[in-house]
Amino acid sequence: MPLYASDWSAACGRTALEAVNAANCSLMNSWGGSTGLVDLNGAVVDVPCTTINTQFDNILQGNYTEIAGISVDLCLRFCRSNRLVQKTDILGRNIQVMTTWLFPFIILVSQLPYETESFSYAILSAFLALGSPLLATYSLVITALNRRYIFHRFRDILAAAKVANPLLRKRAEYAATILAETQQVPMRACQEDNWLSSLICVDKNTDAFWEKVKDTLAKNRRGWTPSLVTQVIAALLSYLFAYVTAKVDTLDKDTRETGLYFATSIVWSWMFAVVPAAIWVGTQVKPIDTVFTESSAYREESDIIPQVQFGLFQATNAPSLLGASPFSHLNLYTLPTWMSFDVLGFERTRGPIFNFARRHTSLLLVHHVSTAFEKALEESHMKNVAIKNSQSLTPFSMQKPLPQVPSFARDSTVQGQTSALFQNSANEAYEMQPHPSVPHSPSSNQDIASTSATELSPLSATGISPFPNPTLEPTPPMTYPPTTPATATPKLCPAGSADTQRPGLVAHAVQCELPINTRLGVFEKRNSKAFPSSTTQAFFLAMTIALVHQWGTTGAALYTAYATLVVGLGCRSGSYLLYGTLATVSGALLVASSILSHDFMAWNEERSWKRDSKDSMPSSMLWRRVFAVLFRWAGIFFAIGNAVWLFTFSIMEDIGFFQNCWCQGDLLESLRRGYLWSHWIPVFAEGNISTEIYGVMTRGFVGATMVCVLVVSFFAAISYLTYSVKCRLGK
């Protein structure tokens, strides 16, 4: 029956010293002429038997400096688990230790970025964050960099559109905010039924849709609530008090154990950077899908009742995930799978920690929307120039060439892609009826572009007819089907229907240079020009910051446990090394899975554009599909297991599980050296080594703190720069 001791180290030291003293010199020879007592360097000390007898109490109290501890061999003889065990006192000492070193961080877990679609995904999000701080940091850095890019992209657009339509410019400003605030969900833009172009071009949608959605997202944005501030401050103060407590305990015999307790706290310190970062990059506390499904918009300026819109929305089913209308027939769209597992992966999952999987689709969405706004603003600028010029024309000077338009509008002028709104406004300026013509289509645009300059008058080249054609009969007014109220069941208009071919809707698409009545691409090859040139640099920057954050905190804990006497790789330092390694591997697997998944989905989308395509799948795409699924599940498995391991070794430390000969003697270091008994256990001289232990602990604390401050400073700086750009958008 083993003996249960409240202080294993002190009990082991007394038991071993009593055995050596009782053995006398007659039994020392059986141990190879050694007593098993060692000095501060771990060297065996051969002291006379009489000295051990006379200095017994001084040795136990650490006052006899020549003897600091015992060898692992001596410990295994008298202190192994079948003889001496650390007593577990859950309601006493253990609960006090866990309250000081562990509970504040467990409470802080509740403030990690969740905002998922269900409770099960919230649990998965917590496991992924705890199991791989690298993945959590990488996702937040990518979100911050994308957010900054969005406002910079729209800043350049609005800067070139100061003389354009003020309402259109305001819609572009609102769109930038909406795109930046919705990165935590799979957002899609849809041009079926020409909805996206209508959202952009119709002035009534400024208040009806864009401003309303922007204001709702601003209200739902996660902020610094009193509960969040209280928990962060409580955890931070607890962390600082733990360091002060460890410093004070340097004069106590338990100094070594206190330093090792603090090393476990350092492992958790990465949360001090992740929690505020999630606030700064922008997350929504309420579901985003309802913000868009409950919003309505106008199709044309002449519409009286707004309709349920699906030009911009959160994807929730297979059609919408593939870029089609969410009201499309489900049987027409299927997500690719392998062994019944979805290849798309976490791109479809709501939550900030899953933003790593939406890196390319978010950027492509920004490209679609920003480019459409850019083209619409160019058309508005050209319209203003044309109308201003028309006001100074006389009937005898109408054939004067138009003034030179800016270069960014000149291309669309040559191609004849001028909106019907432009035509009507210009003709109203001349007080004439518009020239009867068919709506613009890609084929008609090509015909206009191919017409020689001599066949077109200067005004007709822009799409404006200065005089009515006397040879044509007046066009009867077109009747439109009734609009759908926002409360009614949405109706998807098929291609070629009367509603989708309304001239105004087609003109909107032409003005934005968007395809008419079709879905937009969701996945593009990673080398596509649709992505900014800094995409690769952003990836390496985000991964570098994530690695520094992961190993800056875990590495500081590893150093503290490794360098605390006895120096070497033991149970604690080995646990931290395993945790950091699994966190890195799981994060790398999940990021690699998202890249492979995007490559396959881009190829699959490109093939879907080709009707009746029977092209076989190339081997490169076949392996991408397979490894996208395998890497994702392997990453999930390692992350969940690593999160469980984090809790396990933290609790094991606090309840004294590591109080044994193997862990106190750094068995792993002995095995690394190839000699089992090469290490020793400081059971007598902890008071003599308190200064050295405190120095190691301080260096670990300072190192982890500096890393967290560095990461927090990065998020604070990029958030400030982004906010500055955002503020300048409205000027």
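The secondary structure of this chain comes to 27 helices and 12 strands, in a model that is predicted. Of the 731 residues in the chain, 55% are buried. The chain exposes about 31,600 Å², and carbon and sulfur atoms supply 60% of that area. Sequence-distant contacts are well represented: among contacts between residues at least 6 apart in sequence, 83% join residues at least 24 apart.

Let's begin with a sheet. Strands β8, β5 and β11 form an open sheet of 3 strands in the order β8-β5-β11, and the pairing is antiparallel. Its edge strands, β8 (312-314) and β11 (518-519), each pair on one side only. Strand β5 covers residues 187-191 and is joined to β11 by 2 bridges, the two strands running antiparallel. Here you will find cysteine 190 standing opposite arginine 519 of β11.

Next comes a pair of helices. Helix α7 (residues 119-131) and helix α8 (residues 133-159) have axes that come within 5 Å and cross at roughly 105°. An angle from 65 to 115 degrees counts as roughly perpendicular, and α7 and α8 are therefore roughly perpendicular to each other. By class, the contact of α7 with α8 has 6 nonpolar, 1 polar and no charged residues. On the α7 side the residues are Leu128, Ala129, Leu130 and Gly131, and they meet Pro133, Leu135 and Ala136 in α8.

Two single residues are worth a visit, and the table sets them side by side.

| Residue | Location | Relative accessibility |
|---|---|---|
| Glutamate 115 | loop between α6 (103-108) and α7 | 14%, buried |
| Serine 593 | helix α23 (residues 571-609) | 3%, buried |

Glutamate 115 counts as buried because its relative accessibility of 14% is under the 20% cut-off. Leaving aside neighbours within four places in sequence, glutamate 115 is in contact with Gln184, Arg222, Thr283, Gln284, Val285, Arg350, Gly351 and Pro352. What about lysine 286? Glutamate 115 and lysine 286 are 171 residues apart in sequence, yet their C-alpha atoms are 7.4 Å apart in space.

Serine 593, in helix α23, also counts as buried, at 3% relative accessibility. With neighbours within four places in sequence again left aside, serine 593 is in contact with Ala628, Phe631 and Arg632.

Note on methods
Residues numbered from 1 in each chain as written. Predicted model: local features only at pLDDT ≥ 70, side-chain atom pairs only at ≥ 80, totals over all residues. Heavy atoms only, no water. Pairing = 2+ DSSP bridges. Helix = DSSP H or I, 4+ residues; strand = E, 2+ residues; numbered from the N terminus. Buried < 20%, exposed > 50% of the residue type's maximum accessible area, 1.4 Å probe, protein only. Contact = heavy atoms within 4.5 Å. Axes fitted to C-alpha atoms, helices over the stretch in contact; angles between N-to-C directions. Parallel < 35°, antiparallel > 145°, perpendicular 65-115°, else oblique. Nonpolar A, V, L, I, M, F, W, Y, C, P; charged D, E, K, R; others polar. Areas by Shrake-Rupley, 256 points an atom, 1.4 Å probe, with all protein chains shown as cover.
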